[in-house]
Protein chains: 2
Amino acid sequence: MVTIAIDAMGGDFGPEPIVKGCLKALKRKDFTPILVGNKEEILSLLPKKLPKSYRDKISIVDADDVISMSDAATDAVKRKESTIYKAVELVKNGEAHGVVSAGHSGATMTLATLRLGRLKGVSRPALVTLMPTRTGRRSVVLDVGANVDSKPEHLAEFAVMGGCYAEDVLNVEEPSIGLLANGEEDSKGNELTKATFKLLQGYRGFKGNVEGSDIFNGSCDVITCDGFVGNLVLKASEGVASTISALIKDYIRKSPVAITGALLMRKVFKLLKKEIDYAEIGGAPLIGIKGCAIVSHGKSNARAIENAIYQAIRYVDTGVNKHIEARIAELKQKEA
Amino acid sequence: MVTIAIDAMGGDFGPEPIVKGCLKALKRKDFTPILVGNKEEILSLLPKKLPKSYRDKISIVDADDVISMSDAATDAVKRKESTIYKAVELVKNGEAHGVVSAGHSGATMTLATLRLGRLKGVSRPALVTLMPTRTGRRSVVLDVGANVDSKPEHLAEFAVMGGCYAEDVLNVEEPSIGLLANGEEDSKGNELTKATFKLLQGYRGFKGNVEGSDIFNGSCDVITCDGFVGNLVLKASEGVASTISALIKDYIRKSPVAITGALLMRKVFKLLKKEIDYAEIGGAPLIGIKGCAIVSHGKSNARAIENAIYQAIRYVDTGVNKHIEARIAELKQKEA
């Protein structure tokens, strides 16, 4: 059975949504959670009439130190009593298969990379996000923030890792891979993407340059980019979606007729929210490390944590890491 | 009176929306248009009962060669009989104050830069876009595609030019200026933005790093970035907006109740469209050149061309170019 270490304290809203999300996940999936955090607080959040079958599965590792958002990620390695450190250590020691944290994302990434180590052949792990598209199938975009100032080799590795993820975790057959650039033509791009283009040319599924709009139109399964660019695109996209939503609400408020219309369209807005809400994804896997780490948003609610746990279970179950090592070796052979 | 040279042929839909847009603009603004394109075609598009007062204002410069989207921008300088070349030349010769083109944007930017020249102290012109925000006031984002692989000096110049634009053209008092990065903290950024940060520190209105979401939340008036990044963010944002719109339409189609709701919300969607439709902006000014050039979308309709013309008139009227030269000198002095 898959065991998932969960940082129970790191999120912006304390342990409540995290423990709730864990219990929700237990109702639907067979796995063993290890909650890392203040034991008393966690116990107080477990319902008194929790069935014994659940209670038996949950274990708690006591830890009180919480790395806060204002702390430097580089301090994380020194704070061995922190919830994130201890949760990652459980994976390192083989007591858990994967870790989920809604805490300081820089600390989580640093610890997962340094303590668990990188997969064979991987220079830099990358943060993966799944973007909603018009076709309903999500596109895999990476890196969205683990690195800045990436080199062409890194972007090529991200492409390979994203391809494995799409195949194994999302069941996409022969995923197409695009390189994010300022135009589709082969001649487009900056120095970084032009050099990456050459490394990826001829690699399975590589379809060349894709544009910002291709992230959302479903024309490409996997999109590789530098983490600086990926982070900007991700946050800008969230910004557009929430601005549109805010504008719609503003306009509706001003018109009784529109209020009625909005009520009749409630189901539509609900479906849309489900499609674009990050809680439905749960978190961003840090791909390329030995083990599995899901980096959740600090503002995660119970639903987001629940989904992050499913994501971790699936990541572990599929054995995508072995696949990545084989494909990275293939890429290096091609380059040599 | 301001004279605007208009490339009448370059757009994806031929001269019709361009001539129409020009006539619409003439109804509301006092200016002199010079339409550059196939004279017979243009004349056939002018309504027979066009008032003499309009007809007298319009002049036509005959040109038949149209640079198509598949042509290389670098060829533009050789094709002296092309509509874009001739339109830019009218500005160079002082016969027009500004140029509007919905043709090959690379060709327009190349010609405007090389034939008109750069303003004193400007290393690289930048393409400006106006993004919709939650507050109703648009944010000025540049560069969105004139350059890739920019240097810190370029990004600092873009910031200065954007500030002048916001002040003069959008009437923003003491505009705040942000540097697009992967986090707000001073420590965030890549090599390029970190070096730019130092150049801009202490410059009037500079508020440090801003994130992708700040483009749309109205927290910052001017945002500077490399053209590769700006182009991606712009296209990704358009992609999000059109995906949301497509998903809403899909969901509505499946439910009669929602269709009724959508009818009652028609006004809301119309207001939203007006806010996010690029036709309401008209085009992207290429800032930093001697003169004025508005780069319109190839798919521009008459409304977009009309607005692009207003934009050009305003750009010329405000004398923003003089302002830019003074402020760039100020920046260089600060750096020295």
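**Exercise 1. A salt bridge between two helices**

Identify the residue with which R115(A) forms a salt bridge, and state how far apart the closest N and O atoms are.

*Solution.* Step 1: the partner of R115(A) is E89(A), and the closest N and O atoms of this salt bridge are 2.6 Å apart, where the term stands for a side-chain nitrogen of Lys or Arg within 4 Å of a carboxyl oxygen of Asp or Glu. Step 2: R115(A) belongs to helix α5 (residues 105-116) of chain A and E89(A) to helix α4 (residues 83-92) of chain A, so that the pair links distant parts of the chain, 26 residues apart; helices here are DSSP runs of H or I with at least four residues, strands are runs of E with at least two, and both are numbered from the N terminus. Step 3: R115(A) counts as partly exposed at 27% relative accessibility, whereas E89(A) is buried at 14%, given that buried means under 20% relative accessible area, exposed over 50% and partly exposed in between (1.4 Å probe, protein chains only).

*Conventions.* The model is predicted, so local features need pLDDT of at least 70 and side-chain atom pairs count only at pLDDT 80 or more, while totals for chains, interfaces and linings use all residues. Residues are numbered from 1 along each chain as its sequence is written, chains are lettered from A and ligands numbered from 1 in the order in which they are written, and side-chain values use heavy atoms, with hydrogens and water left out.

**Exercise 2. Salt bridges across long sequence separations**

Determine which parts of chain A are tied together by the pair K299(A) and D12(A), and which by the pair K332(A) and E157(A).

*Solution.* Step 1: the side chains of K299(A) and D12(A) meet in a salt bridge with an N to O distance of 3.1 Å. Step 2: because K299(A) sits in the loop between β11 (293-295) and α12 (302-318) of chain A, and D12(A) in the loop between β1 (3-7) and α1 (16-28) of chain A, the pair ties together parts that are 287 residues apart in sequence. Step 3: K299(A) is partly exposed at 46% relative accessibility, and D12(A) is also partly exposed, at 35%.

Step 4: K332(A) forms a salt bridge with E157(A), with 2.9 Å between the closest N and O atoms. Step 5: since K332(A) is in helix α13 (residues 320-335) of chain A and E157(A) in helix α6 (residues 152-168) of chain A, this pair ties together parts that are 175 residues apart in sequence. Step 6: K332(A) is partly exposed, with a relative accessible area of 33%, whereas E157(A) is buried at 1%.

Step 7: salt bridges also link R28(A), E280(A), R303(A) and E306(A) in a network, and the count over all chains comes to 40.

**Exercise 3. The sheet of chain B**

Work out in what order the eleven strands of the chain B sheet are arranged, and which strands lie at its edges.

*Solution.* Step 1: the open sheet has the order β3-β2-β1-β4-β11-β10-β5-β6-β9-β7-β8 (chain B), and its pairing is mixed; two strands pair if DSSP finds at least two bridges between them. Step 2: the edge strands are β3 (59-62) and β8 (206-210) of chain B, each of which pairs on one side only. Step 3: the twist from one strand to the next averages 25°, with axes fitted to C-alpha atoms, for helices over the stretch in contact, and angles running from 0 to 180 degrees between N-to-C directions.

Step 4: helix α6 (residues 152-168) of chain B packs on the sheet and touches β5, β6, β7, β9 and β10 of chain B, its direction making about 160° with that of β9(B); contact means heavy atoms within 4.5 Å. Step 5: strand β1 (residues 3-7) and strand β4 (residues 98-101) of chain B run parallel and are joined by four bridges, and the bridge partner of I6(B) in β4(B) is V100(B).

**Exercise 4. Two copies and their interface**

Establish what turn and what shift lay chain A on chain B, and how many residues of chain A are in contact with chain B.

*Solution.* Step 1: a turn of 180° and a shift of 0.0 Å along the axis lay chain A on chain B with an RMSD of 0.0 Å, the superposition being by least squares on the C-alpha atoms of residues with pLDDT of at least 70 in both. Step 2: that is the relation of a two-fold axis. Step 3: G261(A) comes closest to the rotation axis among the residues of chain A, its C-alpha lying at 1.8 Å. Step 4: 47 residues of chain A are in contact with 47 residues of chain B.

Step 5: the buried area between the chains is about 4,500 Å², of which carbon and sulfur atoms give 75%; it is the accessible area (1.4 Å probe) that two parts lose on being put together, summed over both. Step 6: in chain A, R134(A), F228(A) and Y251(A) lose the most area to chain B, together 15% of what that side buries. Step 7: two salt bridges are found across the interface, and K235(A) forms a salt bridge with E211(B) at 2.3 Å between the closest N and O atoms.
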